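Please look over the sequence and the model shown here before reading the report that follows.

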Amino acid sequence: MHPIDLTPYHAAVRDEVCGICLDHTQAGGCARPNSDPCPLETHLETIVESVLSVRPTSKIAPYISALRVINCRQCREDANGECELRNLVDCAVDSYVLRVVEVIEDVAERHGDGRFAAAS
Ligand code: SF4
Ligand code: SF4
């Protein structure tokens with residue numbers, strides 16, 4: 001499988017997720033501190049990989065499970081599977097997971113990435 005170009009995913013996340021995020025500033029930026037950035041900035045590759053590992057389904061639970069197993073373990077979960085940001089309801093991936101999944105699947109379908117490759 002060819003490596004996925006993350007450029008359109010970054011652009012779509014900024015347009016479609018940042019726009020509804022409480023950390024989105026009026027100037028169009030992100031209010032998260034540079035020392036503690038959003039996982040959609042730091043871990044987009046494994047977030048995309050997680051979403052595209054799920055067989056298409058209308059249920060959100062399989063996507064949440066894949067994100068926890070593939071992404072969160074590489075992001076900031078501790079050895080007990082806890083994430084301080086998620087517990088504070090301050091993780092954009094967790095808070096806006098429906099939108100994140102929709103946006104990633106839409107970009108993947110348009111670009112023929114991951115499980116959409118055969119249909120491209
Ligand atoms: S926290 Fe994440 S989703 Fe929210 S504005 Fe910042 S980069 Fe966008
Ligand atoms: S829940 Fe925690 S570990 Fe998972 S993506 Fe969000 S910040 Fe990263």
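The residues around ligand 1, meaning those whose C-beta atom, placed from the backbone, lies within 6 Å of it, are Val17, Cys18, Cys21, Asp23, His24, Cys30, Arg32, Cys38, Leu40, Glu41 and Ala92. This is a predicted model, in which local features need pLDDT of at least 70 and side-chain atom pairs count only at pLDDT 80 or more, while totals for chains, interfaces and linings use all residues. Residues are numbered from 1 along each chain as its sequence is written, and chains are lettered from A and ligands numbered from 1 in the order in which they are written.

The table sorts two groups of residues by class, where Ala, Val, Leu, Ile, Met, Phe, Trp, Tyr, Cys and Pro count as nonpolar, Asp, Glu, Lys and Arg as charged, and the others, Gly among them, as polar.

| Group | Residues by class |
|---|---|
| Shell around ligand 1 | seven nonpolar, one polar, three charged |
| Contact of H3 with H7 | six nonpolar, no polar, one charged |

Helix H3 (residues 44–52) and helix H7 (residues 97–111), both DSSP runs of H or I with at least four residues, numbered from the N terminus, pack at an angle of about 85 degrees with their axes, lines fitted to C-alpha atoms over the stretch in contact, 10 Å apart. The angle, taken between N-to-C directions on a scale from 0 to 180 degrees, falls in the range of 65 to 115 degrees, and H3 and H7 are therefore roughly perpendicular to each other. In this packing, Val48, Val51 and Leu52 of H3 meet Val101, Ile104, Glu105 and Ala108 of H7, a contact requiring C-beta atoms, placed from the backbone, within 7 Å.

Definitions and conventions. Helices (H or I, at least four residues) and strands (E, at least two) are DSSP runs, numbered from the N terminus. Angles under 35 degrees count as roughly parallel, over 145 as roughly antiparallel, 65 to 115 as roughly perpendicular and the rest as oblique. Two residues are in contact if their C-beta atoms, placed from the backbone, lie within 7 Å.
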